[in-house]
Amino acid sequence: MTAPTTVRYGELIPCKTAFIDAHTPGSDQKENFTIIGGGVSESADQHVHITTPHGFNIGAAGQPPKCRNSLHSHRTAEVFFVLSGRWRFFWGRQGTAGEVVLEEGDIIDIPTGIFRGFENIGTDYGMIMAILGGDDAGGGVIWAPQVIEDARDHGLILGENGKLYDSKAGQTPPEGVHPMPTLTDAELADFPELSPMQVVGWGVRRYNDMTALARHRPCKVIGATGIIRDKPGFEVDLITRTSATDTPHAHDRASVLMPMRGHWRVTWVQGADAGAEVLAPGDTMSVPAGLPHAAVPSMTGEASLFHIVSTDDPAGPSWLQ
């Protein structure tokens, strides 16, 4: 059994050409990070920090103010929590069906099968952390037709193989690989225009409410019994200072620790050997299956930690009720 693997926030390797809108004005300053699993990046330049399958993917998006991620859809869960900054999430065929603004620590489980986008509306560089359902994250991104058309005007072509080609750099799809076709009107009819109640009421939870619920025991944020009732193939808990325990425990599958506030000391035991690391906000730790471990705040002040572990539920459409 190996020790946990930690990816430090300050050591994250970004990709600025991860998606088809990488050259489109307004979206060309994005940085994408794949922390656990390959995610849905369309670029061969994307660096994957941890390749071990977990049943889900962990990634992140970093963007300066006024930078947006274009309208797209996923076949499996897309969950974000705001690590830093102020973010607007919007959805619908044209991005006008609804919107919500999230602050630091807030979380959103975006229903599958709808077009969604997001932008940094704060005054500084911001970071959102992402959880994508399934080891293959649903096999890729489905783009709104106008996104593909705009990208083509700025030199990027998405092949039907899911790979990007930059015509400005002299790249063209290989022989036999055609450009990704845009969705037809008939296909677009399968993408619903969900109301704010359906998206926000079902899938958004505020940080202060979650910490209040985690006063005596971890708050089950996403799960069959969570405050977001969803079964995306993983569960998300929020742990605070008062609900943390120094009693070691283990899972039958790999789990992930992602601090939101404060510094956390993680300890583990391997037979006669023991180890410890201190995690800070933005760090991501993968704990191997079967490894007894515990996490508690290492200093005074506010402390919160998101905990993610896969379930036996298949990654697929949102359990929207």
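This section describes one strand and its partners, the aromatic contacts, and the main pocket of a predicted model.

Strand β7, spanning residues 87–91, has 5 of its 5 residues buried and is therefore largely enclosed by the rest of the structure. In a regular strand, the side chains alternate between the two faces of the sheet. In β7 both faces are covered, with Trp87, Phe89 and Trp91 buried on one side and Arg88 and Phe90 buried on the other. The strand is joined through 5 bridges to β10 (residues 116–120), the two running antiparallel, and within this pairing Trp91 stands opposite Arg116. A further 5 bridges join β7 to β8 (residues 98–102), again in an antiparallel arrangement, where Glu99 of β8 is the bridge partner of Phe90. The hairpin formed by β7 and β8 has 6 residues between the strands, and in this hairpin Gly92 adopts a positive phi near 115 degrees.

Across the whole structure, the search for aromatic pairs returns 8 of them. Two residues of β7, Trp87 and Phe89, belong to a cluster in which ring pairs also link Phe80 and Phe118. Charged groups are likewise placed over aromatic rings: the charged end of Lys231 lies over the ring of Trp319, 4.6 Å from its centre, and that of Arg261 lies over the ring of Tyr207, 5.9 Å from the ring centre.

The largest pocket has a volume of about 350 Å³. Its lining comprises 20 residues, among which Arg75, Gly140, Val141, Ile142 and Met180 lie nearest the centre of the pocket. By residue class, this lining divides into 9 nonpolar, 7 polar and 4 charged residues.

Notes:
Residues numbered from 1 in each chain as written. Predicted model: local features only at pLDDT ≥ 70, side-chain atom pairs only at ≥ 80, totals over all residues. Heavy atoms only, no water. Phe/Tyr/Trp six-rings, centres within 6.5 Å; stacked < 30°, edge-to-face > 60°. Lys NZ or Arg CZ within 6 Å of the ring centre and 35° of its normal. 1 Å grid on protein atoms, 1.4 Å probe; cavity = no way out; pocket = protein on both sides within 12 Å on 5 of 7 lines; lining within 4 Å. Points joined across faces, edges and corners; volume = space filled by probe spheres on them. Nonpolar A, V, L, I, M, F, W, Y, C, P; charged D, E, K, R; others polar. Buried < 20%, exposed > 50% of the residue type's maximum accessible area, 1.4 Å probe, protein only. Helix = DSSP H or I, 4+ residues; strand = E, 2+ residues; numbered from the N terminus. Pairing = 2+ DSSP bridges.
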